[in-house]
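Let's take a walk through this model and look at the empty spaces in it, and at what fills them. Have the sequence and the 3D view open side by side.

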Amino acid sequence: MAEDPFSGFKAAQRESWGLFLPVETFTTPPAAVLVRHAGIQAGDRVLDVGCGTGVATLSAAARGAIAKGLDLSPALLERARDNAELAGLAIEFTEGDVENLPYRDAEFDVVTSQFGHMFAPRPERAVSEMLRVLRPGGTLAFSTWPPEMFMGRMFALVGRYAPPVEGAAPPLLWGRPDTILERLGDHVKDVVFERGLALTPALSPQHFRIFMESSAAPLVKVVESTKDDPARLAGFRAELDSLISLYLHDNQLHQHFLCTRATKV
Ligand SMILES: C[S@@+](CC[C@H](N)C(=O)[O-])C[C@H]1O[C@@H](n2cnc3c(N)ncnc32)[C@H](O)[C@@H]1O
């Protein structure tokens, strides 16, 4: 097999996503929304890609699904295994890449991804792999961030300060229904979109920013790449604080996400 041109990029992602662990508290409620949106039922064979610490994987297993999780980050997978053990759920977690899934064709009834596959540099590869391991008639369901809402706008800001790796698709395009329809094409039918709201407690824009700077890979990258340019870093922080303040009400940051569900033809 030809060498992956994004192997260096993925090695960096593998390390930087390892800091994401504290964010699981805030991705836990949206995981329940995704699992409900996907219509997961007892006995379904479910694969959760970009599973992180397993919030959606455990939510699927709690409904009686036979769930497996896959992620790039060994640190997050270790936590996912601890989470499953604590909850008394038998889940197989595997280190791997959504662009090259280590599963058989048509092995799953449902494939989910909560804010995960959107970080793969080649969306066409991620889609083709997620659909390959899904049986015909099975459900593909994922959550992504709309570009016009908080998280999408934050990604756009991050992209101005730490430009994406050449050739890698911007993650926020996954938040656009027209792009999703185009990427899934005629491999699926019965596409259904739903919006959800994730709430993150924060006392001030600065509190939320500091939390994200130390735990979310795209922000970690900006801080790292501007560390020798304090004025640029200060400019980034000022812009981010002002963006956060637009969505911070009642001591909670309001982040809308988009759930997509489709049936493989
Ligand atoms: C925003 S986190 C979401 C984690 C989890 N699904 C949740 O909702 O808490 C993104 C996850 O995608 C994973 N990821 C990024 N690129 C990936 C790839 N190419 N293959 C598999 N996982 C990937 C990261 O390691 C990280 O765990």
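A cavity here is a set of grid points, worked out over the protein atoms alone, where a 1.4 Å probe fits but cannot get out. With that in mind, keep in view that this is a predicted model, and start at the ligand: the space it takes is the largest cavity.

Who sits around the ligand? The shell counts 19 residues, and Thr-27, Gly-50, Asp-71, Asp-97 and Gln-114 are the closest. Sorted by class, that shell holds 9 nonpolar, 8 polar and 2 charged residues.

Now zoom in on some polar contacts. The side chain of Thr-27 puts an N or O atom 2.7 Å from an oxygen atom of the ligand. Backbone atoms join in too: a polar one from Gly-50 is 2.8 Å from a ligand nitrogen, and a backbone N or O atom of Val-98 lies 3.0 Å from a nitrogen atom of the ligand. As for cover, the ligand taken alone would expose 590 Å², and the protein buries 98% of that.

Next, swing over to the largest pocket, which holds about 510 Å³ of space. Its lining is made up of 25 residues, with Phe-9, Gln-13, Pro-164, Pro-218 and Lys-221 closest to the centre. Helix 1 (7-16), helix 6 (150-161) and helix 9 (217-225) are the elements that each give two or more residues to this lining. Helix 9 gives the most, with 5 residues. By class, the pocket lining comes out as 20 nonpolar, 3 polar and 2 charged residues.

How values were computed:
Residues are numbered from 1 along each chain as its sequence is written. This is a predicted model: local features need pLDDT of at least 70, side-chain atom pairs count only at pLDDT 80 or more; totals for chains, interfaces and linings use all residues. Side-chain values use heavy atoms; hydrogens and water are left out. On a 1 Å grid over the protein atoms alone, a cavity is a set of points where a 1.4 Å probe fits but cannot get out, and a pocket is an open set with protein on both sides within 12 Å along at least five of seven lines; lining residues have an atom within 4 Å of a point. Grid points are joined across faces, edges and corners, and a volume is the space filled by probe spheres set on the points. Helices (H or I, at least four residues) and strands (E, at least two) are DSSP runs, numbered from the N terminus. Ala, Val, Leu, Ile, Met, Phe, Trp, Tyr, Cys and Pro count as nonpolar, Asp, Glu, Lys and Arg as charged, and the others, Gly among them, as polar. A residue is near a molecule or strand if one of its heavy atoms lies within 4 Å of it. A polar contact is a pair of N or O atoms within 3.5 Å; within protein, one must be able to donate a hydrogen and the other to accept it, and residues adjacent in sequence count only if both atoms are side-chain atoms. Accessible areas come from the Shrake-Rupley method with a 1.4 Å probe; for residues, only the protein chains shown count as cover. A molecule sits in a cavity or pocket if more than half of its atoms lie within 2 Å of its grid points.
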